[in-house]
Amino acid sequence: MRTLAITQNSTADGAIEMLGDWFDPQADNAEQLAELHRQTAASDALVLGRRTFEDFRAFWPAQTDDRTGITASLNRQRKYVVSATMTEPGWENSTVLAGDPVARVAALKEQPGRDIVVTGSIRLCHALIGAGLVDEYRLFVYPTVQGGGRRLFPEGYVAARLRLVESRVLDGSVVYSRYAA
């Protein structure tokens with residue numbers, strides 16, 4: 001069975017919802033970028049909720065001078081958008097997953113392949129976490145306090161202790177931690 005990994009950027013106070021400008025996807029952070037590319041190379045599917053997909057689709061393909069390589073990587077990556085309303089994704093290598101998102105992602109996990117990554121997509125993450133489908137959490141924690149915003153784990157969710165697989169400081173300020181569920 002494939003690994004389903006949630007990769008998120010987070011504030012020090014645990015918010016993954018961006019209410020401010022604490023995260024810049026094109027910042028010159030060589031170690032963070034290297035880790036992102038390592039994760040992308042180990043995966044062959046990116047699953048996004050409709051809003052996150054639309055944000056990505058509006059931003060990344062429009063980057064004509066992308067020194068990070070993220071645009072090219074996302075264009076190549078197999079992308080799945082969970083949506084009850086979208087019929088045509090309008091971005092190469094994209095497929096709409098209609099119907100029950102938990103069942104559709106569970107079916108993806110059963111198919112042969114490499115890691116499946118979910119990022120952004122807070123409601124989708126909450127559904128996948130609640131269903132027990134997540135195998136790993138990959139967190140990039142930024143040294144900022146936002147004071148609000150939605151968190152990775154749904155309100156009231158209690159989990160057994162996560163197992164720390166790795167942790168390191170990237171680019172002198174962001175703590176990257178990978179946990180097994």
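Trainee: Where is the place of serine 43?

Mentor: Serine 43 sits in strand β2. Keep in mind that this is a predicted model.

Trainee: Why does serine 43 count as buried?

Mentor: Its relative accessibility is 3%. Buried means under 20%. So serine 43 counts as buried.

Trainee: Which residues is serine 43 in contact with, leaving aside neighbours within four places in sequence?

Mentor: Gln77, Arg114, Asp115 and Val117.

Trainee: How far is serine 43 from methionine 86?

Mentor: Their C-alpha atoms are separated by 24 Å. Along the chain, the two are 43 residues apart.

Trainee: Let us turn to the rings. How many aromatic pairs are there?

Mentor: The count comes to eight.

Trainee: Why is the pair of phenylalanine 53 and tryptophan 91 called tilted?

Mentor: Take the distance first. The ring centres are 5.6 Å apart, and a pair needs centres within 6.5 Å. Now the angle. The planes stand at 50°. Stacked needs under 30 degrees, and edge-to-face needs over 60. The angle fits neither class, so the pair is tilted.

Trainee: Which parts of the chain does that pair link?

Mentor: Distant ones. Phenylalanine 53 is in helix α2, residues 50–59. Tryptophan 91 is in the loop between β3 (79–82) and β4 (94–97). They are 38 residues apart.

Trainee: Are phenylalanine 53 and tryptophan 91 buried or exposed?

Mentor: Both are buried.

Trainee: What sits over the ring of tryptophan 91?

Mentor: The charged end of lysine 79. It lies 4.6 Å from the ring centre, and the cut-off for distance is 6 Å.

Trainee: What makes phenylalanine 140 and tyrosine 176 a tilted pair?

Mentor: Their centres are 4.8 Å apart, with 45° between the planes. The distance falls within 6.5 Å, and the angle is neither under 30 degrees nor over 60. So this pair is tilted as well.

Trainee: Which parts does the pair of phenylalanine 140 and tyrosine 176 tie together?

Mentor: Phenylalanine 140 lies in strand β6, residues 136–142. Tyrosine 176 lies in strand β8, residues 174–180. The pair therefore ties together parts that are 36 residues apart in sequence.

Trainee: How do you know that phenylalanine 140 is buried?

Mentor: Its relative accessible area is 4%, and the limit for buried is under 20%. Tyrosine 176 meets that limit too, at 0% relative accessibility.

Trainee: Which residues form one aromatic cluster?

Mentor: Trp22, Phe23 and Tyr142.

Trainee: Now the loops. What makes glycine 172 exposed?

Mentor: Glycine 172 has a relative accessible area of 69%. Exposed means over 50%, so glycine 172 qualifies. Its place is the loop between β7 (163–170) and β8.

Trainee: Why does aspartate 171 count as partly exposed?

Mentor: Its relative accessibility is 26%. Buried needs under 20% and exposed needs over 50%. The value lies in between, so aspartate 171 counts as partly exposed. Aspartate 171 is also in the loop between β7 and β8. Leaving aside neighbours within four places in sequence, aspartate 171 is in contact with Asn29, Ala30, Glu31 and Gln32.

Trainee: Why does serine 83 count as buried?

Mentor: Serine 83 lies in the loop between β3 and β4. Its relative accessibility is 7%, and under 20% means buried. Not counting residues up to four places away, serine 83 touches Arg50, Val96, Leu97 and Ala98.

Trainee: What is the phi of asparagine 93?

Mentor: It is positive, about 60°, although asparagine 93 is not a glycine. Asparagine 93 lies in the loop between β3 and β4. With a relative accessible area of 30%, asparagine 93 is partly exposed.

Trainee: Where is serine 121 found?

Mentor: In the loop between β5 (115–118) and α5. Its phi is also positive, near 50°. Serine 121 is buried, with a relative accessible area of 6%.

Trainee: Last, the largest pocket. What volume does it have?

Mentor: About 1400 Å³. The lining has 47 residues. Gln8, Thr52, Phe56, Thr119 and Gly120 lie nearest the centre.

Trainee: How does the lining of the largest pocket divide by class?

Mentor: It has 23 nonpolar, 17 polar and seven charged residues. Elements giving two or more residues to the lining include β1 (4–11), α1 (30–41) and β2 (43–49).

Methods:
Residues numbered from 1 in each chain as written. Predicted model: local features only at pLDDT ≥ 70, side-chain atom pairs only at ≥ 80, totals over all residues. Heavy atoms only, no water. Phe/Tyr/Trp six-rings, centres within 6.5 Å; stacked < 30°, edge-to-face > 60°. Helix = DSSP H or I, 4+ residues; strand = E, 2+ residues; numbered from the N terminus. Buried < 20%, exposed > 50% of the residue type's maximum accessible area, 1.4 Å probe, protein only. Lys NZ or Arg CZ within 6 Å of the ring centre and 35° of its normal. Contact = heavy atoms within 4.5 Å. 1 Å grid on protein atoms, 1.4 Å probe; cavity = no way out; pocket = protein on both sides within 12 Å on 5 of 7 lines; lining within 4 Å. Points joined across faces, edges and corners; volume = space filled by probe spheres on them. Nonpolar A, V, L, I, M, F, W, Y, C, P; charged D, E, K, R; others polar.
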